[in-house]
Amino acid sequence: FDLAQRTWTELETTVPRPAGRFLVSLVDVGNVLYLVGGEQGSAIGTDHIHAYMNDVWAFDVATHQWIELSQNRCPRRTTTKADRARYWGTQKGSVSSGSHH
């Protein structure tokens, strides 16, 4: 991102590279950006399907090369809005797991 021009420039990068995702953690250390986790998702009608990621990647800014440091080891959980409502609810402002009756 060019701050002065307020424009994005798409970079040509190496393969392999991380899959597209959102809600990631990203930190820079020197000339390396570290990407951790995030979510993949799509909307089907009014429902949303999500896969939670926990892999770790490093991007070398100088060479435009991605390096996979840790593979996605947790099972890809696919949930819908109904699933999340069933397993995660709020009761008096606190988050609790389990179904509410």
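Is Arg 21 buried or exposed, and what is its relative accessible area? In this predicted model, Arg 21 is buried, with a relative accessible area of 16%; the views below begin with the whole protein and then return to this residue and its partner.

**Figure 1. Overview of the predicted model, with its one helix and six strands.** Read from the start of the sequence to its end, the elements follow the pattern β-β-β-β-α-β-β. Of the 101 residues of the protein, 18% count as buried, and the accessible surface comes to about 7800 Å², of which carbon and sulfur atoms hold 55%. Among the contacts in the protein with a separation of 6 or more, 37% are between residues 24 or more positions apart.

**Figure 2. Confidence along the chain, from strand β4 to strand β6.** The mean pLDDT of the protein is 75, and 62% of its residues reach 70 or more. Confidence is highest in strand β4 (residues 65-70), with a mean of 92, and lowest in strand β6 (residues 94-97), where the mean is 41. Over residues 84-101 the pLDDT stays under 50, and for this stretch the model has 18 contacts beyond four places in sequence.

**Figure 3. The salt bridge between Arg 21 and Asp 55.** The structure holds one salt bridge, in which the side chains of Arg 21 and Asp 55 meet at 2.6 Å, taken from N to O. Because Arg 21 lies in the segment before β1 and Asp 55 in strand β3 (residues 47-60), the pair ties together parts that are 34 residues apart in sequence. Both partners are on the buried side of the cut-off, which is under 20% relative accessible area: Arg 21 has a value of 16%, and Asp 55 counts as buried at 4%.

**Figure 4. The aromatic cluster of Trp 57, Phe 59 and Trp 66.** A search of the whole structure finds three aromatic pairs. In one of them, the rings of Trp 57 and Trp 66 have their centres 6.3 Å apart and their planes at 85°, so this pair is edge-to-face. Phe 59 and Trp 66 also form an aromatic pair, a tilted one, with 4.8 Å from centre to centre and 45° between the planes. Ring pairs thus link Trp 57, Phe 59 and Trp 66 into a cluster. As for burial, Trp 57 counts as buried at 5% relative accessibility and Phe 59 counts as buried at 6%, while Trp 66 is buried with a relative accessible area of 17%.

**Figure 5. A nonpolar surface patch made by Phe 1, Leu 3 and Trp 8.** Together these three residues make a patch of about 460 Å². Leu 3, one of its members, is found in the segment before β1 (25-29). With a relative accessible area of 69%, Leu 3 is exposed, in contrast to Arg 21, which is found in the segment before β1 as well but is buried at 16%.

**Figure 6. Backbone geometry at the Val 15 to Pro 16 bond and at Leu 23.** Most residues other than glycine have a negative phi, and most peptide bonds are trans. Against that background, the peptide bond from Val 15 to Pro 16 is cis, with omega near 10°, and Pro 16 lies in the segment before β1. Leu 23 has a positive phi of about 55° although it is not a glycine; its place, too, is in the segment before β1, and at 63% relative accessibility Leu 23 counts as exposed.

**Figure 7. A positive phi at His 64, in the loop between β3 and β4.** The phi of His 64 is near 60°, a positive value in a residue other than glycine. His 64 has its place in the loop between β3 and β4, and at 25% relative accessibility this residue counts as partly exposed.

Methods:
Residues numbered from 1 in each chain as written. Predicted model: local features only at pLDDT ≥ 70, side-chain atom pairs only at ≥ 80, totals over all residues. Heavy atoms only, no water. Phe/Tyr/Trp six-rings, centres within 6.5 Å; stacked < 30°, edge-to-face > 60°. Buried < 20%, exposed > 50% of the residue type's maximum accessible area, 1.4 Å probe, protein only. Patch = residues over 30% accessible without salt bridge, like charges linked within 9 Å, V, L, I, M, F, W, Y side chains within 5 Å. Areas by Shrake-Rupley, 256 points an atom, 1.4 Å probe, with all protein chains shown as cover. Salt bridge = Lys/Arg side-chain N within 4 Å of Asp/Glu carboxyl O. Helix = DSSP H or I, 4+ residues; strand = E, 2+ residues; numbered from the N terminus. Contact = heavy atoms within 4.5 Å. pLDDT = per-residue confidence, 0-100.
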